[in-house]
Each structure stands twice: as structure tokens, then as C-alpha cells.
Amino acid sequence: MLAGLVLLGSLLMVTLYARGAGERERRLAEASFVADADQLAEAVRQRLLQYELSLRGGVALHSAAVETPTARQWRGYVEGLDIRRQLPGMMGIGYVAYLDPQSLAELQLRQRAAGEGLFTLTPRGVRPHYGAILYFEPEIDSSRLAIGYDQYSDPTRRAAMDAARDSGEVRLSAPVRLRQFGREGQAGVLLFSAVYRTARLPMSRAGRETALVGWVYAPFRTAEFIDRSMIPVDHALAFRIVDVSDGVEAPLLASDGWTEGDGPGSEVLHTVTQQLYGRSWRYDFQHVGPLASAGMRELQATLITGVVASLLLFAVVMTLAQTQSRAETLAHRLSDSYRRSEQRFRNAMQYSAIGMVLLDRNGTILESNPAMADIAGVSGTALTGTLFNGYFVDGNDDVSRSREMEALREGVHRSTRRLRRDDGDIREVHLASTLMPGDGGSDVARLVQVDDVTERLRAEAQVHALNRTLESRVEQRTRELTQANQELESFAYIVSHDLRAPLRSIDGFGRILAERYGAVIDAQGQDYLARVRNAAARMDQLIDALLKMSRISRGEFKRVPLDLSRMASEVLSELRQTDAGREVAVRVAPDLQADGDPALVRNLLENLLGNAWKFTANTARATIEFGAEPGGVFYVADNGAGFNAEYAGKLFRPFQRLHRDDEFKGHGVGLASVRRIVERHGGTIDAVGRPDGGATFRFSLAPSAQRR
């Protein structure tokens, strides 16, 4: 009963401590999470502040100019900002002119007189005022097609533009669909800053409207804002940003790991609302995984230790209680059992296979057993009266003896020492020393057990030697396997060359037979003969393909910086020259860079782009695209014949084809060569597609060498 009460009390104390410490750690984890969330929201604010400064610089450029700055002056200003490095996440900076029908007509006449062609406004129509995009830098395909778009025709954009005009401050728009390639594209927001005719801000609202000449604006995609703006986000932090202006919630973006719905992990732990340039943004934060602080593991270890200590305390109390119960019974039998115990101890020493000695306080041997005499190589009588440490090569010094005595006071002292036998042989022995209980007048102070472990240590040394031999054999087998692979490549090369001789004979004699005896061979015979020659020609082509595959593995490998965009454009130009009658829409992403072997990477692009060109031959409005994805992954996509995804595993095997030869010509080795090239660069390749739905091939080169 006492042991049970002790166990319950100790477990209750551990539970109370764990509950209090757990609550403290949970509060610390929540505080750390809130601090990280607030820091992220402030980082977004600071990034938008940098965008604001760049817009105000554009406003200053317009205010300082006598006339509207030219496109070249605007390009020089934006290039000086170095947007990609200094303002990551921003798509660019543009200028929107505030026009009425008369000023629009004057603008069109000026541009026509300057030789820039007719300035076209979209969407068409007569309106009291227009907000037409005149410039946007850096200039890309989508920005050129956006020139002339009337931003003032869109109610959402117009609301932000009017707010910037009336306030004289930078204003943020509600979420909109950005213009890409002249049409609505990805979701995003825009920053607007009004430009006035006067350098000083007009005081009244009517004066600002009268002095307004346009806006400087900057768009950015919300889906890419966090990644491209280089704002650090903790991997355990998931969040979304919602525009809550005017009481309407409009989602802006959500990070990786954000969970919608009411399931586990979807609860919002912290919310921050910011007023940004006339809009209200709400940040909702979730924690990915369980919310725990760094001290939670220490708390768990402490809890386990407390439970173990409680169990040990229970065991100790239980043992003491049982001991007390037995002590009363044993006390009556002590006198009779003492003699029997003494005899058992003597028998144990006499017949034990482990050497045992009894020592006095000076370390002199008082008594030993036969096993100890065998270990020392002397008789039992010769051991009595000698110093025990005298039999060891490494005699204990004063410090070692002091440590041994301290350990003996606490229990058993174990050590391994070297013993010199009487015949000179050195043996490794394991010693276990313990103090012998007794009264103050007893001569016996210690009992030492001596176990000869020499043979065991030798056996372990043999095992280590065998392990080293095994490692040597593994290296030898590796060298043999490498040599076998080299011989296999050499064999494939020789066989491919030796197969050409009989093929030439078959083709040559078939041609002679067709020329000399074609008149006497009937139509079926000539068909058979044509099939023989076609089969020989196909075999010759397969041999060429086999040789190309073997060269990919054998050739010298040189890794240098490569311009993949230029190489892809050259390959596509060659394909256009060989098939000039085809109309194919081609898109090659600019500035795609990687490190690799020039010949191998060009072979890779020729195979992938050549396949895309071939398999779009029967497709109306064929398109081929070469670009890159985050993480250094490049892709080649087309809208051609595609393939069945169930057989995607056969694509990269030699001589495996998913289309009949009468549909698309080929040997089935191009993609196998591509896979070897990618693997030789240390990368990976895969493919997705569906019948008549196109195909996409994604590949990567060595991760350390890729850069976008």
C-alpha cells in the first residue's frame, strides 16, 4: 500500500509539472509564431514601400520634363532602377496618359508624324476620358501588346486611378486580371501614382483633376509576389492575403501549405490587417504541422524521466517493504544459514570457471580459486601472500587506485588490464572488483573476479580482418564490373560495325537482282525483293542509331556555360528550313542558361524539338514551346499527337515506339539517347501526355550547374 501511494503521488507531481510546463511552452510557441507572422506582414509592407519610391521617381521624371518624356527616356529610367535585382517581384513600370477625345486625336497625329504608326486604343469606343498605356518597361511580348490599353475603361482600375488623382498619393487597386499578350491573364494588383502638370501638388480636388496628365503604375502578379520578391517565409508558416476593403473579401494569394476548409490544420492562428495605399489587406496565418517550441522535446524527455523515476521509486519502496518483511524471518535463520552461506561461497570460488581472489586492504592475495591459478600459470599456494597488482603489466598508480576505491564505495568497479603469466605470456583480462562486507576486524576487504578475454579479443580482431578482406573483394568486384561494362560497350560497337558487311551484300545483290532480272520476276517476287531491301536499309539505320547511342556513353564530357534559348532557336530554324511549308507557332523563353556539354545538350534539344515538330505534323495550329520552371527544370511542350500515359515507361527504352511507322517515321532511339544525355549530366527526365492532346517533356541537368 505504501509503494502504491508513493507511485500515485509521484505520478501526480509529474503530471502537474508537465501540464504547467506544456502550457508555458505552448504560449512560447504561439508568441514565436505571432512574431514571425507580424515580421512577414511588415516585410510585405516594406517591399511595397520600395515599389512606391520607384513610382514616385517616375512621377518626378514627368514633372521635371517640359514635355511628355519619350519612350527612350522612360526606358533609360527603368533600366537605371534595375528592377530584377533591386525590385524583385515587380513586373515593370509603365506610364498611363489621361486623355479626352481631342487629346487622343492629337496624340495619334503626333505619333503618326513621328513615324511610329497609328496609336490604337483598346477597347474601342468613344468615352469622355481615357487612361491609355503609353510606355511599359522592361519591354517584353506581353508589355508591347498592352500598349494602348485603356485602363480607365475598367471600373476596378479606374477606382484606384481616381483615388490616386484625388489624394495625390500612391494608391493600390483591388485584385484584377493583368493584361498578358493583349488579353486577360493572371491575377494581380496595380500601384498608381498621379502625375500633374505642375511640380507642386494642387491643393483642391478640382485643381488636381484639372492638372492631371496621367499616372505612373506598376503591376505585380499576386501568385508570384512572395517567391519573386525574395521575402523569407518560414517553412512551418502558411498564410493567405485577402483584400477586405469595402467589406468585400477578395483573395489575393495563398502560400504553399495553406489549407482551405474546416479540416485538421486549417484553423487560422493569427490575423493581421494592414492599411496599404487606400486598401485593407488581411493576413491569415496557419501553422504547418503541430505547434511546438524548441523546449517541447526537453519537456517530453523530462516527463519520461519523471515517469521512470516514479516507477523506480515505486520499485525501491516495494523492495524495501518486502525486505523488511523478510528481514524478521531471516534474522531467526541467520545463525544457521551463515555456515551454509560460507560453504556455498567456498564452493562457488572452488568450481567457478572465472578466476576469483580475496584481497586485504593492502591488495595482498589472501585466497584464490583454481581458475585464477590457471590464468596466472602458477599454483594456488604460490598466489597466496603476493601482491595482486604485481601480476599486471600496467600497475595502478596512486590516481588510479583512488578512483578505484571511490568506485568500489558505490558498487562494482570494472576494468580491463593486461596480466603477465608465469611463463611470460601476456593475457587480456576483465576485472570486476567489489568490497566484501564484514565487521571491522575482518582481513578480507575485496573480492575480485578475473575473466580471461584474450581469445575473445583475438576472435574480434580476426572478424575485423575478415571485414577488411571483404571490402577489398568488393572493390575488386567493382573494378571487374567496370571492365565488363567497357567490354560490353566495345562489343556493341564492334558488332554494329560487323553487321554492316552482310547488310551491304544483301542490299547490293538485291539491287543487282532487281536491275538484271527484274523483267523475269513477277510482281509478288518484286514485292518480296523490295521488302528485303527495305529491311536491310532499316537495319542499317538501326545500326547507325545504335552507334550514336554508344558514342553518347563513350565520348569526352566537357561542362561549360550554355545559352539554351539560343541553341533551341537554332534547332527550330533548321527544322523550319527542312520543312518550309509548315506553319508552326514557336515560343522560346529568353535567357535560359545551364551548364553542360555543348554537343550532348544540342543533341538533346534536337531530339526533343525534332519530336515535337514531327508529332505536330497532322495538327492544325501547331504550337511548340520551350521554357523553364522553378527549380531548374526545363520543358518542351507541344499540342501534337501525344501518347497514352499507360505506356509512358516505354518512351525512353531503345527501339520502343508508341506509334506505327506508317503514322510517324522513326527508330525508337531518340528518347533513349535523350535519357542517357540527361543522366550523364546528373539530371532527370520525365514525360506526360494524352492521345491527340500533346506532350510535355521535362528535364533537368546537374542541380549545381543550373541557373535561371
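The numbered points below comment on a predicted model of a protein chain, taking its overall make-up before its local features.

1. Overall make-up. The secondary structure of the protein chain comes to 18 helices and 22 strands. Of the 708 residues in the chain, 38% are buried. When contacts are restricted to residues at least 6 apart in sequence, 61% of them join residues at least 24 apart.

2. Helix α16, its extent and start. This helix covers residues 564-578, which makes 15 residues, and the distance from its first C-alpha to its last is 21 Å, close to the 21 Å expected at 1.5 Å a residue. At the start of α16, D563 places a side-chain oxygen within 3.3 Å of the backbone nitrogen of S565, and S565 is itself listed among the buried residues of the helix.

3. Helix α16, its buried face. The residues of α16 that count as buried are L564, S565, M567, A568, V571, L572 and L575. Viewed down the helix axis, these buried residues fall within an arc of 165 degrees, and so they line one face of α16. What do the buried residues of α16 pack against? Their partners include the strands β16 (560-563), β17 (584-588) and β18 (593-596), and also helix α17 (598-615) together with strands β19 (622-629) and β20 (633-638).

4. The loop between α17 and β19. Two of the elements packed against α16, namely α17 and β19, are joined by the loop in which R621 lies. R621 has a positive phi of about 55 degrees although it is not a glycine. With a relative accessible area of 78%, R621 is exposed, because the threshold for that class is over 50%.

5. The loop between β7 and β8. Both S245 and D246 are placed in this loop, where β7 covers residues 237-243. D246 is not a glycine, yet its phi is positive, at about 60 degrees. Is D246 buried or exposed? At 72% relative accessibility, D246 counts as exposed, whereas S245, at 8%, counts as buried. Leaving aside neighbours within four places in sequence, S245 is in contact with R279 and S280.

6. The cavity. The structure holds 1 cavity of 30 Å³ or more, and about 30 Å³ of space lies in the largest cavity. The lining of that cavity is formed by F220, T222, F225, I241, L252, L253 and W281. The elements that give two or more residues to this lining are α8 (222-228) and β8 (250-254). Strand β8 thus appears here as well as at one end of the loop that holds D246.

7. Cis peptide bonds. The bond from T122 to P123 is cis, with omega near -5 degrees, and P123 is found in the loop between α4 (101-113) and β2 (130-137). The bond from E137 to P138 is likewise cis, with omega near 0 degrees. P138 sits in the loop between β2 and α5 (141-146), and strand β2 therefore borders the loops of both prolines, given that elements are assigned as DSSP runs.

8. A buried arginine. R157 belongs to helix α6, which covers residues 155-167. Its relative accessibility is 3%, and R157 counts as buried because the cut-off for burial is under 20%. Which residues does R157 touch, not counting those up to four places away in sequence? The contacts are with Y149, Q151, V176, R177, L178, R179, L190 and F192, a list in which R177 and R179 are also arginines.

9. A partly exposed leucine. L269 lies in the loop between β8 and β9 (270-276). With a relative accessible area of 41%, L269 is partly exposed. Not counting residues up to four places away in sequence, L269 touches F33, F285, H287 and L291. The C-alpha atoms of L269 and A37 are separated by 9.9 Å, although these two residues are 232 residues apart along the chain.

Notes
Residues are numbered from 1 along each chain as its sequence is written. This is a predicted model: local features need pLDDT of at least 70, side-chain atom pairs count only at pLDDT 80 or more; totals for chains, interfaces and linings use all residues. Side-chain values use heavy atoms; hydrogens and water are left out. Helices (H or I, at least four residues) and strands (E, at least two) are DSSP runs, numbered from the N terminus. The expected span of a helix is 1.5 Å times one less than its number of residues. Buried means under 20% relative accessible area, exposed over 50%, partly exposed in between (1.4 Å probe, protein chains only). The arc is that of the directions from the helix axis to the C-beta atoms. Contact means heavy atoms within 4.5 Å. A polar contact is a pair of N or O atoms within 3.5 Å; within protein, one must be able to donate a hydrogen and the other to accept it, and residues adjacent in sequence count only if both atoms are side-chain atoms. On a 1 Å grid over the protein atoms alone, a cavity is a set of points where a 1.4 Å probe fits but cannot get out, and a pocket is an open set with protein on both sides within 12 Å along at least five of seven lines; lining residues have an atom within 4 Å of a point. Grid points are joined across faces, edges and corners, and a volume is the space filled by probe spheres set on the points.
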